[in-house]
Amino acid sequence: MTQCYIQCDETLPVKCDDCDWTGTAGQTEMISDIQERLTPGGVVPAGQCPECGALAYPIQDGKEAAKPDDSDDPQQPELVELARSVFADGSDNDIEVDDDAALSHGNDGIWVQAWVLLKNDVLRENGLSNPEAPFDDEDEKDEEEASA
Ligand SMILES: [Zn+2]
């Protein structure tokens with residue numbers, strides 16, 4: 001077990017993610033096994049709730065800070081697989097779903113975060129450019145072939 005103490009303003013108002021405990025960051029406990037409890041891109045907790053041991057997050061503007069939405073759905077891997085078979089597999093390799101895709105539960109379904117690729121030719125058609133694109137001389141080649 002590892003323990004981690006997040007350095008922050010000890011008077012920061014915080015709220016437990018699980019029970020109704022609220023207090024200040026200074027009242028929270030060190031976080032056990034933090035590496036198993038954080039999500040990349042998620043909000044960093046201030047500490048661990050002294051009441052129940054769940055993570056306690058800073059309260060911002062009187063309401064709870066945004067936390068990683070329903071990413072702890074136990075069906076997450078199956079949802080990612082399903083999203084891939086429904087969308088990505090039939091796509092022109094321009095839709096991808098990450099293994100750790102974020103989820104958002106709605107009344108009419110579950111949103112699964114995905115990537116859509118704007119290909120270089122689509123960018124060009126719309127007057128946009130991709131700084132990472134290799135120099136593309138296909139158009140010139142076509143012209144050369146046509147005139148040869
Ligand atoms: Zn708690």
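Two strands count as paired here if DSSP finds at least two bridges between them. Keep that in mind for the first stop in this predicted model: select residues 103–106 and 109–112, strands S9 and S10, which pair antiparallel over 4 bridges. Leu103 sits opposite Val112 of S10, and the hairpin connecting S9 to S10 uses 2 residues.

**Zoom out**

Now show the whole chain. You should find 3 helices and 11 strands, in the order β-β-β-β-β-β-β-α-β-β-β-β-α-α along the sequence. Colour by burial and 11% of the 148 residues come up as buried. As for contacts with a separation of 6 or more, 47% of them link residues 24 or more positions apart.

Colour by pLDDT next. The mean for the protein is 84, with 83% of residues at 70 or more. Select 62–68 and you have a stretch where pLDDT falls below 50; in the model it still has 16 contacts beyond near neighbours in sequence.

**Strand S6 and its partners**

Go to S6, residues 55–60. Add S2, residues 13–16: the two strands run antiparallel, joined by 3 bridges. To see the register, pick Val14, which stands opposite Pro58 in S6.

Then bring in S5, residues 47–48, which pairs with S6 over 2 bridges, again in the antiparallel sense. Gln48 has Leu55 of S6 as its bridge partner. S5 and S6 make a hairpin with 6 residues between them, and in the turn Gly53 shows a positive phi of about 85°.

**Into the core**

Which residues make up the largest nonpolar core? Select Val14, Cys16, Ala25, Ile31, Ala46, Cys49, Leu55, Ala56 and Tyr57, 9 residues in total. Strands S2 and S6 are the elements giving two or more residues to this core, and S6 has the largest share, with 3.

Centre on Ala56, which belongs to S6. Is Ala56 buried or exposed? Ala56 counts as buried because it has 30 C-beta neighbours inside 10 Å, where the cut-off for buried is 20 or more. Leaving out neighbours within four places in sequence, the contacts of Ala56 include Val14, Lys15, Cys16 and Asp17, along with Thr28 and the run Pro45, Ala46, Gly47, Gln48 and Cys49. Try the distance tool on Ala56 and Lys15: their C-alpha atoms are separated by 5.2 Å, although the two residues are 41 apart along the chain.

From there, hop to Cys49, another member of the core. With residues up to four places away in sequence set aside, Cys49 touches Cys16, Asp18, Cys19, Trp21, Thr28, Ala54 and Ala56.

**Two loop residues to finish**

Most residues other than glycine have a negative phi. The last two stops go the other way.

Select Asp33, in the loop between S4 (31–32) and S5. Phi of Asp33 is positive, near 50°. Asp33 is exposed because it has 11 other C-beta atoms within 10 Å, and exposed means 12 or fewer.

Finally, pick Asn93, in the loop between helix H1 (76–88) and strand S8 (95–96). Here phi is near 55°, again a positive value in a residue other than glycine. Asn93 counts as exposed too, since it has 9 C-beta neighbours inside 10 Å.

Note on methods: Residues are numbered from 1 along each chain as its sequence is written. This is a predicted model: local features need pLDDT of at least 70, side-chain atom pairs count only at pLDDT 80 or more; totals for chains, interfaces and linings use all residues. A nonpolar core is a set of buried Ala, Val, Leu, Ile, Met, Phe, Trp, Tyr and Cys residues joined through C-beta atoms within 7 Å. Two residues are in contact if their C-beta atoms, placed from the backbone, lie within 7 Å. pLDDT is the predictor's confidence in each residue, from 0 to 100.
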